[in-house]
Amino acid sequence: PEQANRAFVGLSTPDGEYNVGLEMPAMLHAQTLLALDLQREPLTEEHGAPVRLSTPLKYGIKQIKRIGTIRFSDERPAYSWAERGDDWYAGL
């Protein structure tokens, strides 16, 4: 199947301990960024190196730091905060 038809994006930290997911429209939104640097300097670990997600469309809990894996799927990906009772659509 073509990746362009995928409905969701799952992002995980390198150790797989933290996972978030976004709907494809949110991921492709013009203000959603995968940041590699801060003020033209590579991200530090404190700021989310090697890459972090930033989007005004979601609460901070979905703005994952230290992205190690990005997956495209037709099914909603794992979401660490759902295990704590948070709703997938919290902070639309």
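Helices (H or I, at least four residues) and strands (E, at least two) are DSSP runs, numbered from the N terminus. This is a predicted model, in which local features need pLDDT of at least 70 and side-chain atom pairs count only at pLDDT 80 or more, while totals for chains, interfaces and linings use all residues. Residues are numbered from 1 along each chain as its sequence is written, and side-chain values use heavy atoms, with hydrogens and water left out.

The protein contains one helix and seven strands, in the order β-β-α-β-β-β-β-β from the N terminus. In the loop between H1 and strand E3 (33-35) lies Ala30. Ala30 counts as exposed because its relative accessibility is 74%, the cut-offs being over 50% for exposed and under 20% for buried, with partly exposed in between (1.4 Å probe, protein chains only). Between Ala30 and Thr55, 25 residues apart in sequence, the C-alpha to C-alpha distance is 9.2 Å.

The interior may be considered next. Of the 92 residues, 38% are buried. The largest nonpolar core, a set of buried Ala, Val, Leu, Ile, Met, Phe, Trp, Tyr and Cys residues joined through side-chain atoms within 4.5 Å, has 13 residues, and Leu11, Val20, Leu22, Met27, Leu53, Ile64 and Ile67 touch the most other members. Strand E1 (8-12), strand E2 (19-23) and helix H1 (24-27) each supply at least two residues of this core, and H1 gives the largest share, three residues.

Across the protein, 52% of the contacts (heavy atoms within 4.5 Å) with a separation of 6 or more join residues 24 or more positions apart.
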